[in-house]
Amino acid sequence: MEDTIEDSIGRTEVAKIPEQRGAQLLDSALRYVEERHWDVFPGTWLEAAEGSERCSCGAFGCDAPGAHAARPDWANQATGSAVGARRLWGKHPKASILLPTGRTFDALDVPESAGFLALARMERMDMALGPVIRTPGRRMLFLVLPGAAQKTPDLVRKLGWMPSSLDLLARGEGHYVTAPPTRVGGQGAVQWARKPTPANRWLPDAEELISPLAYACGREAADERARRS
C-alpha cells in the first residue's frame with residue numbers, strides 16, 4: 001500500500017486545505033477486501049472549515065478527527081464485498097477506512113517506542129510477522145489471529161506481568177482499527193510499519209508475539225517510572 005498523498009485543493013487567507021483523495025481511499029479499501037479478505041467500513045472524514053479542517057461528526061475537539069466510526073451500528077455496515085465497498089465509498093469518497101477486529105484478525109496495540117523495540121527484536125529472531133500499523137497518535141498495532149483479545153491477559157500473567165501494569169491492549173470483537181492511508185486531522189496519516197504482502201498473508205498467533213511485546217512494554221513502563229522519580 002502506498003503512503004497517503006495529499007493535495008492542496010483550495011487556498012484561504014489563513015491556510016491551505018489538504019484533501020485526502022477519495023479515489024485512493026476507495027482503491028485501498030478494495031485492496032483490503034480483494035487481496036486480504038478483510039472486512040471494511042467507512043468512518044468519518046475531514047471537512048474544510050474556516051481555513052482549517054474539522055471532523056464530519058461536528059464534535060468540537062474530536063479525539064480522532066476524520067478517523068472514527070460515523071454511526072453506532074458500524075459493525076453491521078462492515079462489508080467484505082468489493083461491490084459493497086464501492087457502494088459505501090461512492091456515498092462518501094473521503095471517508096476514512098476502518099477495519100473491524102475480531103473477524104479475520106485481532107490487533108495487539110502498544111506504544112510506538114515499545115513497538116519499534118519489539119519489532120527489531122522479532123526481526124533479529126526471524127519471527128513470522130503479520131502486517132503492523134503505525135498511527136499518528138504514536139501507537140503500533142500488530143495484526144494477529146482472532147482470539148487474541150480473550151487470551152492476552154492470561155499470556156501476560158504467565159510471563160510474570162500484571163496486565164494492568166503494561167500499556168498493551170488487545171483489540172478484538174466490538175472494536176476496529178484505522179487503516180492506511182487514512183489521515184487523522186492535522187496529526188498525519190496512518191501508515192504501515194510492515195505492509196501487507198503475500199509473505200505475511202498468514203497471521204501469527206498472539207502467543208508467538210506476546211513475549212517480545214510484553215518485554216518492550218515493560219521497559220517502557222520502567223523508563224516512565226524512572227523519568228518521574
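R138 is exposed, with a relative accessible area of 56%. In this predicted model, R138 sits in the loop that connects β8 and β9, and its phi is positive, at about 65°, although the residue is not a glycine. The briefing below starts with such backbone features and then turns to the sheets, to the helices that pack on them and to selected single residues.

**Loops and backbone geometry**

- D126 offers a second case of positive phi in a residue other than glycine, with a value near 55°.
- The position of D126 is in the loop between α4 and β8, and its relative accessibility of 68% makes it exposed, since the threshold for that class is over 50%.
- P180 and P181 are joined by a cis peptide bond, for which omega is about 5°.
- P181 belongs to the loop that runs between β11 and β12 (183-184).
- H92 is a loop residue as well, located between α3 (82-91) and β6.
- With a relative accessibility of 36%, H92 is classed as partly exposed.
- Although H92 and L26 are 66 residues apart in sequence, their C-alpha atoms are 9.8 Å apart in space.

**The five-stranded sheet**

- An open sheet is built from five strands in the order β10-β7-β9-β8-β14, and its pairing is antiparallel.
- Its edges are formed by β10 (169-171) and β14 (191-194), each of which pairs on one side only.
- From one strand to the next, the twist averages 30°.
- Strand β7 is largely enclosed by the rest of the structure, because six of its six residues are buried.
- β7 is paired with β9 in the antiparallel sense over six bridges, and within this pairing P111 has R139 of β9 as its bridge partner.
- Towards β10, β7 forms an antiparallel pairing over three bridges; here A107 is matched with R171.
- Strand β8 (residues 132-134) is joined to β14 by three bridges, again in the antiparallel sense, and I133 has W192 in β14 as its bridge partner.

**The three-stranded sheet**

- A further open sheet contains three strands in the order β3-β6-β11, with antiparallel pairing.
- β3 (41-42) and β11 (176-178) are its edge strands; each has a single partner strand, so one side of each is left without a neighbour in the sheet.
- Strand β6 (residues 97-100) runs antiparallel to β11 and is connected to it by three bridges.
- In this arrangement L98 stands opposite T178 of β11.

**Helices on the five-stranded sheet**

- Helix α4 lies across β7 (106-111), β8, β9 (139-144) and β14, and runs at about 45° to β9.
- Helix α5 (residues 148-158) lies across β7, β9 and β10, and its direction is at about 45° to β7.

**Packing of α4 against α6**

- Helix α4 (residues 112-124) packs against helix α6 (residues 206-228) at an angle of about 140°, and their axes are 8 Å apart.
- That angle makes α4 oblique to α6, because roughly antiparallel is reserved for angles over 145 degrees.
- The crossing in which α4 passes α6 is right-handed.
- On the α4 side, the contact involves S113, A114, L117, A118, R121 and M122.
- On the α6 side, the residues met are L209, S211, P212, L213, Y215, A216, C217, R219 and E220.
- By class, this contact of α4 with α6 has 10 nonpolar, two polar and three charged residues.

**Selected buried residues**

- S28 is part of helix α1 (residues 22-36) and is buried, its relative accessible area being 5%.
- Apart from neighbours within four places in sequence, S28 is in contact with I97, P180 and P181; P180 and P181 are the two residues joined by the cis peptide bond.
- A49 lies in strand β4 (residues 46-49).
- A49 has a relative accessibility of 17% and therefore counts as buried, because the cut-off for that class is under 20%.
- A49 and A149 are separated by 100 residues in sequence and by 39 Å in space, C-alpha to C-alpha.

Technical notes
Residues numbered from 1 in each chain as written. Predicted model: local features only at pLDDT ≥ 70, side-chain atom pairs only at ≥ 80, totals over all residues. Heavy atoms only, no water. Axes fitted to C-alpha atoms, helices over the stretch in contact; angles between N-to-C directions. Helix = DSSP H or I, 4+ residues; strand = E, 2+ residues; numbered from the N terminus. Parallel < 35°, antiparallel > 145°, perpendicular 65-115°, else oblique. Left-handed = near helix turned anticlockwise from the far one by under 90°. Contact = heavy atoms within 4.5 Å. Nonpolar A, V, L, I, M, F, W, Y, C, P; charged D, E, K, R; others polar. Pairing = 2+ DSSP bridges. Buried < 20%, exposed > 50% of the residue type's maximum accessible area, 1.4 Å probe, protein only.
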